[in-house]
Amino acid sequence: MAQPAETVQGSKPKSGSAWWVEPYLTVLALGLFGVYSLWLVFFQHTGQFHNYLSPFFSPTESWGIKVLPALWVLWVPLLFRATCYYYRKEIYRGFFHDPMACGIPESRRKFYFGETRFPFIWTNLHRWFWYLALIVLIFLWIDAIKAFIFPNGFGVGLGSIIMLVNVLLLTAYSFTCHAFRHLIGGGSQKFSCADGSPTTRYKLWNKVSYWNERHGLFAWVSMFSVWFTDVYIRLLIYGVIHPVRFF
Amino acid sequence: MPEEITLSVFRGDRSGGQEQEYKIPATTGMVVLDALHYIQAHDAPDLAVRWNCKAAHCGSCSAEINGSGKLLCKTRVDDYVGEVIHVRPMHTFPVIKDLVTDVSWNYEKLRQIPAFQPAAKAPFTLQQRDVDRIQEFRDCIECFLCQNVCHVLREHNAKDAYWGPRMMIRIAELEMHPFDTGDRIDLLKGAAGVGYCNITKCCTVVCPQGINITDNGIIPLKERVADKYFDPLGGLVRKMHK
Amino acid sequence: MSDNMESHAYDILVIGSGGAGLRAAIAAAEAGATVAVLGKSLLGKAHTVMAEGGVAASLGNLDPADGWETHFYDTMRSGHFINNYKTVEVFAKEAPERVLELEYWGAVFDRTPEGKIMQRPFGAHTFRRLCHVGDRTGKELIRTLEQKIFTVNVDVFQEITATKLFTDNGRVAGAIAYYREDGHFALFSAKAVVIATGGWGKSYKVTSNSWESTGDGAALAFEAGAELIDMEMVQFHPTGMVWPPGVRGVLVTEGVRGEGGLLRNSEGERFMEKYDPQRMELSSRDVVSRSIYKEVQAGRGTPHGGAWLDITHRGPAYIKRKLPGMYEQFMALADVDITKTKFEVGPTIHYTMGGLKVDPLSCATNVPGLFAAGECAAGLHGANRLGGNSLSDILVFGKRAGDGAVEFVKGHEGTPKIDDSEVQAEIDRVLRPFSSENGENPYALHEQLQEIMATHAGISRTGPDLEQGLQKLLELKERARNMAVPGSRVFNPGWHTVQDVHNMITLCEAIIRGAIERKESRGAQWRLDHPDELEEYGKINFVHKLEDGEVKTYTSPVPEMPAELKELFNLGAAPGIAKSGKKE
Ligand SMILES: Cc1cc2nc3c(=O)[nH]c(=O)nc-3n(C[C@H](O)[C@H](O)[C@H](O)COP(=O)(O)OP(=O)(O)OC[C@H]3O[C@@H](n4cnc5c(N)ncnc54)[C@H](O)[C@@H]3O)c2cc1C
Ligand code: SF4
Ligand code: SF4
Ligand code: FES
Ligand code: FES
């Protein structure tokens, strides 16, 4: 790979356009989220407020395994997202400048191995984290349902709604995943039955493909919703705000 | 539209060169290729530019306009009102002269991709839905703008490790053909180097044909590699399923 | 000899890497010959890549009544019966096989609900016959052949221009070419040569053709002693873009009218009612072109001298689905949204029906060892080409030319020799523009040539006009002997244009001479002073030969159809019509 650059013509950075805004915003958003998560891991012990549970601390049951409560499951969504095809793009661009934006000269030129070696070869395991994330998702659904069950029976509070929206967005994010799109049907070579009708896998793949185009959007929105859900519950725990019940 | 526009065009060859300014009268609907032809006819008959169809069909006229990969015949000069239009050859390939670069490496790689291996004699029975995916990739005009912008080739010059996005969608098109019996997964993981792509999507952004190279081509290929090399369980399940 | 000239030897040299050239090379290589293919541009970018509508073959996927007889019938009729019936017969019979072969090589056509290759209707084809991929069929075709070429033993030389054919005792011996990249020469000796260099639409200003269409191969072969035929037949496509100036001539596919587009003049009148009330907008290309022209002449043209084409009544969704390329083309290049407004169109030079006279079966010219196929050869289309017939032409006769060349090599022992002094003379000739004093600017000459052809041998012609054009052309030919270019041999477009201009002038002379001789109107040839189609001219083709440097024009009889083929035209309708229950 260490060929000398053959070109003599040089290249011209893009004029006008603010190509650096996007990678910096990515770094800012992901950085803040990371710092916030660390703060949770080291300085917070619970995410429970009555029947509301912060997604960072779910599930609460640890079957005797002793780790910091927020760390117990956090690594699953973290690795799931870190190996997500969409976040990979944002991370490589924002943090590694590989490249920062299209056609922009990179700061580091040597030693590029892409995803062929450690550490990034791990991204190939994305589908495994998808399987694990699915398990976590099941717990989050249970939490969301519990959020509607108050001591005096069924009810709806602001927290219940927030938790429901959050888990819906997480579901949307997980099921628009590229690996899922492949597993559900993209991997098959033929989409039609012998009689010319579409296969089930085709129908599923086609639907997933439609929503998959919005995967990046779900990635961001679901990240912020997780964040927001925790902030809301944490403020309740600290008594800064008071719970709102609709009925 | 201003009466007169300014183009700053790279003039040079293998040994180097620099941009030179030309002022020419603009006409309605003029594309950058027209402007270059005007320069050829009036100021510099030996200005080298590769083109063919002048209808965005052949993919000959790739170059960089103000830093972005473009087809010269499809880029209007009035997209750059009030700006100097800098026209430079593709950066990733060695320049031959002025705007013409040596893209022969791409043809070498195209030749190395194992061809279509049909499972039966034509005519095939194929539904439109079976070929939609492939037709997206076959819309490629081989302009090599994606190869030019791909940072693996452009910044790291890793041409011996990674074949680039154009080759990836060519392989994808074959792998997804219902009648193809070939297996190019080892090639992908090995010599063709799909692992070098870090799905940062510049190829998709630049493609004049609007082909969704990354999401529909490269990512599915990476998943196919994962099927074979990183998912023994899934492989087993699929085997039993068959 | 010259500084750093390369030398190559092959069994078969194919000049031209469009559809015809690639198909010929594949055929020859599969028969075991050593083959080289030359092209002026990069592989897969030849003019063929621009074809949009489709490739005509009577597969009968949608209309089972279709068959070779009907395709034969349609092609002869639209050629006004001066085509070579044998050529047409071979063509109509073999086109389906050639198209299916493409599918076998990896081409991916649009599909019918039954999973077969989709076929679309086109002007003057009785049945739905054009296999296609959206509006980019030519690309699919050339890409498939490019990918096939990689799997057979063919050496491809890209961006190289052949400038002369050599003969040895009358038999073709090879060619010399120069690399466009740096101007160094390469000599190719070969036992047989296939010419597949396409047409010469670039001799006209307003054209849908790519820059490559300068007729090099036809001119080279002509200079080597081959005969040209039907040169007066130059097709105008009725709908090219007319505004803005930069895109004047760019094709607006026949598909727009196929999908229901209406032609109107500046007064809003659907003028085709006057000229062809039956077929209206879908009349044959020569008729629609002439109608638009007449409207403009009568002062009923659009602001930029064309007619209005209007498809808005189809609604945005339909238009974007059926004509994505056209929508995009007008949006990007003309700022016109064809889903919302009508747009201007006018006739544009599209195809050259004439060309090298070849044997219908082997594609051999009259020069031993020299073969020709594709747009540069003639005989199939007669006085007017049917849309979609060219892509099947290049497949059918590309293969036949390749096979023919291999047969020839098998039947003729030995390798012809190329004379060194001839090679040196040619190199000197090609390099002369660099040392020429006060030479003409090749770009300016090209423009003047286009001017002459447009005014004197355009869509409407008269005897005196043509004669005047010939005089101007001969003057231009004189001036073109001394062209000059600055700069070096490294990728120098000015120098490349010198060769092109030379070749186009040679062919244009034959166009004008043929048009002068054909004192009638037939197909693409429209003589205002001889407005009728005359029986006696239906029996002859005009043939041109180079004798002592002079273009000489002769007549040759149109081959007469045997009784069983003649019978096809006495059925009262196209063959297959009765079976299909369709009205013609
Ligand atoms: C816009 C457009 C749309 C069309 N649509 C259709 C359609 O829908 N259906 C249809 O049937 N037909 C269509 N046609 C016509 C058809 O595309 C052409 O007639 C056909 O492709 C000609 O193919 P060819 O192989 O003969 O030559 P070309 O494709 O023209 O190839 C000529 C080759 O010869 C090479 N060459 C030329 N001179 C030299 C030289 N001196 N030395 C070395 N190489 C040389 C060139 O580089 C090129 O590779 C269309 C044409 C145009 C312009
Ligand atoms: S997505 Fe991959 S192939 Fe495309 S430009 Fe980025 S690294 Fe290159
Ligand atoms: S994929 Fe797109 S950008 Fe790349 S060569 Fe093909 S048309 Fe050009
Ligand atoms: S690709 Fe984003 S979650 Fe799988
Ligand atoms: S000249 Fe063909 S794509 Fe621009």
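The following dialogue examines the ligand surroundings, chain contacts and backbone features of a predicted model.

Mentor: In this predicted model, local features need pLDDT of at least 70 and side-chain atom pairs count only at pLDDT 80 or more, while totals for chains, interfaces and linings use all residues; side-chain values use heavy atoms, with hydrogens and water left out. Residues are numbered from 1 along each chain as its sequence is written, and chains are lettered from A and ligands numbered from 1 in the order in which they are written.

Trainee: What makes a residue part of the surroundings of ligand 1, and which residues come nearest?

Mentor: A residue qualifies if one of its heavy atoms lies within 4 Å of the molecule. For ligand 1 there are 39 such residues, and C:Lys40, C:Thr48, C:Glu212, C:Glu375 and C:Ser390 come nearest.

Trainee: Why is the pair formed by C:Thr48 and ligand 1 called a polar contact?

Mentor: A polar contact is a pair of N or O atoms within 3.5 Å; within protein, one must be able to donate a hydrogen and the other to accept it, and residues adjacent in sequence count only if both atoms are side-chain atoms. A polar side-chain atom of C:Thr48 lies 2.5 Å from an oxygen atom of ligand 1, so the pair meets the cut-off. Backbone N or O atoms also lie close to oxygen atoms of ligand 1, at 2.9 Å for C:Ser17 and 3.2 Å for C:Gly19. The protein covers 99% of the 1000 Å² of accessible area that ligand 1 has on its own, by the Shrake-Rupley method with a 1.4 Å probe.

Trainee: Which element of chain C gives the most to the shell around ligand 1?

Mentor: Helix 11 of chain C does, with 4 residues. Helices (H or I, at least four residues) and strands (E, at least two) are DSSP runs, numbered from the N terminus. Helix 1 (19-30), strand 7 (160-168) and strand 14 (343-352) of chain C are among the elements that each supply at least two residues.

Trainee: How is the shell around ligand 1 divided by residue class?

Mentor: The division is 13 nonpolar, 20 polar and 6 charged. Ala, Val, Leu, Ile, Met, Phe, Trp, Tyr, Cys and Pro count as nonpolar, Asp, Glu, Lys and Arg as charged, and the others, Gly among them, as polar. Around ligand 2 the shell holds 9 nonpolar, 4 polar and 1 charged; around ligand 3, 9 nonpolar, 1 polar and 1 charged.

Trainee: Which residues are closest to ligand 2?

Mentor: Of the 14 residues that surround ligand 2, the closest are B:Cys150, B:Cys197, B:Thr200, B:Lys201 and B:Cys203. Ligand 3 is surrounded by residues including B:Cys140, B:Cys143, B:Cys146 and B:Cys207.

Trainee: How do you know which chains are in contact?

Mentor: Contact means heavy atoms within 4.5 Å. There are 2 pairs of chains in contact, and chains A and B share the most contacts. No contact joins chain A and chain C, whose closest C-alpha atoms lie 7 Å apart.

Trainee: What makes A:Pro99, B:Pro123 and A:His50 worth noting in the backbone?

Mentor: Most residues other than glycine have a negative phi, and most peptide bonds are trans. The bond from A:Asp98 to A:Pro99 is cis, with omega near 0°, and so is the bond from B:Ala122 to B:Pro123. A:His50 has a positive phi of about 50° although it is not a glycine; A:His50 is in the loop between strand 1 (48-49) and strand 2 (52-53) of chain A.
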